[in-house]
Amino acid sequence: GILCITGVVAVHLEGPFHSPCLGQVIQLNCSHPLNDGSLVVVWERNGTRFTVKDKYRYYENTYEIVDIYLTSVTFNDKVWIYKCYTQNIDTSVREYSNEVVIDTVEVPLPRVISQQPKSNQVHLEVEHKSDHECYRHHVFNFQVTLYQIVNKSLLGPQEMYICNSTEITIKDLKSNSTYRVGISAKSINNTEVFSDPLWIDITTLGSDVLATTLSVSTLLPLLIIAIVC
């Protein structure tokens, strides 16, 4: 006999052809042979099976479509590889599709233009620019997270705050101390769109540098730290 290999994949997965924007809903279409009731469609993400809720899937005899919501918490700066396969209920025979790679357009990090330390506060000037068409229409504010560094260990987070200004002042800090600040750009158009944090270390001046008397607030526990925008 003659064995013919056509190279045709009976189960085929189709997704976006370009890197999609965060905050969007994309569709993955798994087409397969006519289902007479003996096939089930199974979905895999990075080699692990995952269950799709009914409200996010649509199916007929020869295809199944799922909606994938591209949130920053799941998709920013990560690559996901999707597959689908059919499994025969009676024989357990599987037939896999091709792979679809989802690599979203990353939200750029904010940038610190300047920092001005004092004995009990640090003033930061930050900016965020994105010329990519994905995020050009978004307005971003800043989420600030603060840790204190003590003996090379991080204490905190002590504060998380949303700033809608590019001027950020972190007050009521201890003098001559170092803190780690994380600044994320967060869209006000879509709360699911935000950047990874930009991490910087800030150090307050010694109390003798400015020849001022430490205020009571400087001596209070870290939890009262204020972030003013």
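1. Starting with the chirality of a cross-link: the bond between Cys 21 and Cys 134 is left-handed, with -80° about the S-S bond. Cys 21 sits in the loop between β1 (12-14) and β2 (25-31), while Cys 134 sits in the loop between β11 (122-127) and β12, so this pair ties together parts that lie 113 residues apart in sequence. The S to S distance for Cys 21 and Cys 134 comes out at 2.0 Å, and both cysteines are buried. Keep in mind that this is a predicted model, so treat these numbers as properties of the prediction.

2. How many disulfides does the count come to? It comes to two. Besides the Cys 21 and Cys 134 pair, there is a disulfide from Cys 30 to Cys 84, with S to S at 2.1 Å. This pair also links distant parts of the chain: Cys 30 belongs to strand β2 and Cys 84 to strand β7 (residues 79-88), 54 residues apart.

3. Is the Cys 30 and Cys 84 disulfide left-handed or right-handed? The torsion about its S-S bond is about 85°, so the link is right-handed. If you are setting up topology, recall that a disulfide is a covalent bond between the sulfur atoms of two cysteines. As for cover, Cys 30 has a relative accessible area of 0%, so it counts as buried. Cys 84 has a relative accessible area of 0% as well and is therefore buried.

4. Strand β7 also carries a residue with some exposure: Ile 81 is placed in this strand. Its relative accessibility is 31%, which means that Ile 81 counts as partly exposed. Together with Val 79 and Val 101, Ile 81 makes up a nonpolar patch on the surface, and the three share about 220 Å² of accessible area.

5. Now to strand β15, which spans residues 178-187. Is it mostly covered or mostly open? Mostly covered: eight of its ten residues are buried. As a general reminder for reading the side chains, those in a regular strand alternate between the two faces of the sheet.

6. Which strands does β15 pair with? One is β12 (residues 140-150), which runs antiparallel to β15 and is joined to it by ten bridges. In that pairing, Asn 141 stands opposite Lys 186 of β15. Another is β16 (residues 198-203), again antiparallel, with six bridges to β15. There, Arg 180 has Asp 201 in β16 as its bridge partner.

How values were computed
Residues are numbered from 1 along each chain as its sequence is written. This is a predicted model: local features need pLDDT of at least 70, side-chain atom pairs count only at pLDDT 80 or more; totals for chains, interfaces and linings use all residues. Side-chain values use heavy atoms; hydrogens and water are left out. Buried means under 20% relative accessible area, exposed over 50%, partly exposed in between (1.4 Å probe, protein chains only). Helices (H or I, at least four residues) and strands (E, at least two) are DSSP runs, numbered from the N terminus. Two strands pair if DSSP finds at least two bridges between them. A disulfide is a pair of cysteine sulfur atoms within 2.5 Å. Patches are made of residues with over 30% relative accessible area and no salt bridge: like charges are joined within 9 Å, nonpolar side chains (Val, Leu, Ile, Met, Phe, Trp, Tyr) within 5 Å. Accessible areas come from the Shrake-Rupley method with a 1.4 Å probe; for residues, only the protein chains shown count as cover. A salt bridge is a side-chain nitrogen of Lys or Arg within 4 Å of a carboxyl oxygen of Asp or Glu.
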